[in-house]
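Student: Could we go through some local features of this model together?
Tutor: Certainly; please have the coordinates open.

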Amino acid sequence: MKTSFSEIRQYLLIPVIIFSMTMVGALSVSAQETFEQTLAKLGIKKADCKDWSDSTNITIPKPICVYVNLIGVTSVPTRSSVTHNIWMEVYDGFGNYFKKRVQMGVQGRSSARWVKRNFKTSFFNDEWVGDDTPDIKIGDWVEQDGFHFKAFYLDYFKGTGIIGYKIYDQITSDRGEYGRVWERTTNIKKPDLDALCHPDAFPCAVYFNGKFYGLYCWQLKKHRKNMNMKKHTPEHVYIDGSLVDNTTLFGGTIVWERLEFRNPKDMYSMSGQLYDKDNPDELMDETSPYYDVDSDSEEVKEYKQNTAKVKGYVKQLSKYGKEIQALISKKESKETIRAAIAERFDVPSLIDYIIHNILTNNFDGLLKNYQWFTYDGKKWFVTPYDLDTTFGYFAINYIIFPPQYYNIYPISSWTYNLYPPMKWVYQYFKDDIDERYAHLRDTGLLNAETIASMFSNWYYSVGEANYQNEWLKWKDSPCLIETIPNSQWTLATYNYSRYKNAAVYSDTATYAAGQYCRAEYRLWKANTKVKGVRPYKQVGCKDSLERIFPWTQQRLVSVDSWMNYSFTSLPVSYTLTISSVGWSTLCIPFKFSIPEGIELYTVTGCKADGTLIKERVTDPQAYTPYLVKGYPGDYVFIGQSEEAHEGADDYLVNGSMHGCLVERYVPQGGYVLQNHNGKAAFYRVTENGKVKMGGNRAYFVFDGAPSTNPILFDEGNPTYVSVTEQSAGIVGIYGLDGTEKQHLEKGINIIKYSNGKTVKMVVK
């Protein structure tokens, strides 16, 4: 029995369940403590917090991990028709607190089937009437008066999809001032610069009436503000729902029941009723007997006219496929077809979507879970939504693949032929896709270390103590359960060819030793002759943080081949700032000449008295961490980018030093450079998730814990720059061409000191 690509696609058309700080999130909290006990252990006191409870406008930074107590509720509603009027207490971990009235309802159709459900909240200043709601501004998010709380019951990280959004944001931000899709349109009079056009979230620990309930993601909801749209502008059309493939909307057939219009607001259906996105129906136009009613107010008439305009834009969109196909059938030039596609669709957003889609293994994003929108009714943009089924997670009929089964068919079978307009962009802009992907790979924005660090940062932001609470509360989650074979069987490493040719397990069949079968979407190998014994004792999807890096490495190898990628060296530079401490660490992805005024060292160990064993370096290499000594200032490192070998044993490792290219948490037991009370040294990290280190830096890991903490730089010497060195006077400032300057100028300055030292400093 074989599984075809179309069969896999059919499985995905059925409703499925998709599995989707620096300080506070990582401190030690005993499992199942009450809300008050947790706050006390974290050192959070209401009296020390700024209380926003009576404020109609709340402005707080984006939390690392927030603590929430819902008062007056014992569970999440089970039906969309049920809501709870409750109170919510919020501590953001940064000294902010508020308590507000909230209306709580279940969120999401699929997730509502699980024991731990998503919920949505609307905040009120009044007594749950809705006439007076607060504007809540969190970090760089748009203002909202309601949010979604995602349970991610099947997700080990409780935020895999959120990390997917962060990777997408990294991809689009690389486009500079036109990174946000709304920046590529002109029909926005007063743009909200914080509109992301995709969700974002931070982790939160949720308590019900003071009792721990679970880890959630506090997430931006689908809302016009986050798309930079106005409520009653008919050209600002925002469509959610199952757009599916070339047989429906993009094939010329509009199935109105599959489309959810989230903007404009106050539209009408053909039946004359207000449009309900939860029960979508055909939009009103002039043919409806309810379109031009004498008794309607001028406002209602305007809304009906707006609805007819929106319907016209959608009908026009549904014709794009046939119009483009007509050009292809006439064998028009590639340039003509490309121009026709670019006139109708925002090609940059589709290119970024395709790259993100295949990189994250977002198969579910081929059929649905993308957001389509326009700002002029003519050109349409796309961004991702609902990225739970990414990075190796896959669910069919509530069966979750184990991590090693990250792909049920080879990447060579990945195709966009059934999914216009991705199909058209892939066919006629493939060179542009490959070029864009190569740029992202060459510049290091997409590599295994970068992506793995995002997962690590998320994991330690949540904090292991909070995860322990989650595992005790929801111990039956499949992400904690191992797949265990019966003794007559072995769970085989996934192989697409072998899997598709294997027969489905049958109790009546006899299997010879070495024969394969498939069951629960897994491949099994008989250890001996067997009949009537199913392959497994239990099926689960036990996951871990350690899985992500090797998974991403494997995925990138496949995507590199699919994208025809080969590394191309690019001119690059990096500026290192050395503070008055006189020491730093460095790890950059290119070879360089050592700038004048600094010294580089390899550290190979630590002596019993706590001083470092180090060797001077004169020929530094790429992707290698070093200890740096130098005068205070900015130093520019210039070179050519080099291809990373992320599987090599010495990748980002040099003796006792471990480097990182992006911001990440330093693991427990590592030593990181810090300045405590004027004493600069490497201090031991005592807890996971407590110390975050910036990108292009390094920390120490020693074989056997040193006997002292902190670790000093030089035996018997102070660990900071001496007063004599600090007070050396400047005797000359010069440009790179040797021309003397009267003062520091923007750019690179060469500074000569009275003690004979020379430093290059960058003024930005």
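Tutor: Two strands pair if DSSP finds at least two bridges between them; helices (H or I, at least four residues) and strands (E, at least two) are DSSP runs, numbered from the N terminus. This is a predicted model, in which local features need pLDDT of at least 70, side-chain atom pairs count only at pLDDT 80 or more, and totals for chains, interfaces and linings use all residues. Residues are numbered from 1 along each chain as its sequence is written, and side-chain values use heavy atoms, with hydrogens and water left out.

Student: How many bridges join E32 to strand E37?
Tutor: Strand E32 covers residues 657–660, and E37 covers residues 697–700. Cys 660 has Arg 697 of E37 as its bridge partner. The two strands run antiparallel, and the number of bridges joining them is four.

Student: In the hairpin of E31 and E32, which residue takes a positive phi?
Tutor: E31 (residues 653–654) pairs with E32 in the antiparallel sense over two bridges, and Val 653 is partnered by His 658. Two residues lie between the strands, and the one with a phi near 65° is Gly 655.

Student: How are H9 and H10 oriented to each other?
Tutor: Axes are lines fitted to C-alpha atoms, for helices over the stretch in contact (heavy atoms within 4.5 Å), and angles run from 0 to 180 degrees between N-to-C directions. The axes of H9 (residues 448–462) and H10 (residues 464–473) come within 5 Å and cross at roughly 75°. Angles under 35 degrees count as roughly parallel, over 145 as roughly antiparallel, 65 to 115 as roughly perpendicular and the rest as oblique. The crossing angle therefore makes H9 and H10 roughly perpendicular.

Student: Why do the buried residues of H2 line one face of the helix?
Tutor: Buried means under 20% relative accessible area, exposed over 50% and partly exposed in between, with a 1.4 Å probe and protein chains only. In H2 (residues 35–42), Phe 35, Thr 38, Leu 39 and Leu 42 are buried, whereas Glu 36 and Ala 40 on the other side are exposed. The arc is that of the directions from the helix axis to the C-beta atoms. Seen down the axis, the buried residues line one face because they fall within an arc of 95°.

Student: Which class of exposure does Gln 553 have?
Tutor: Gln 553 lies in helix H12 (residues 548–562). Leaving out residues up to four places away in sequence, Gln 553 touches Ala 448, Glu 646 and Gly 647. Its relative accessibility is 21%, so Gln 553 counts as partly exposed.
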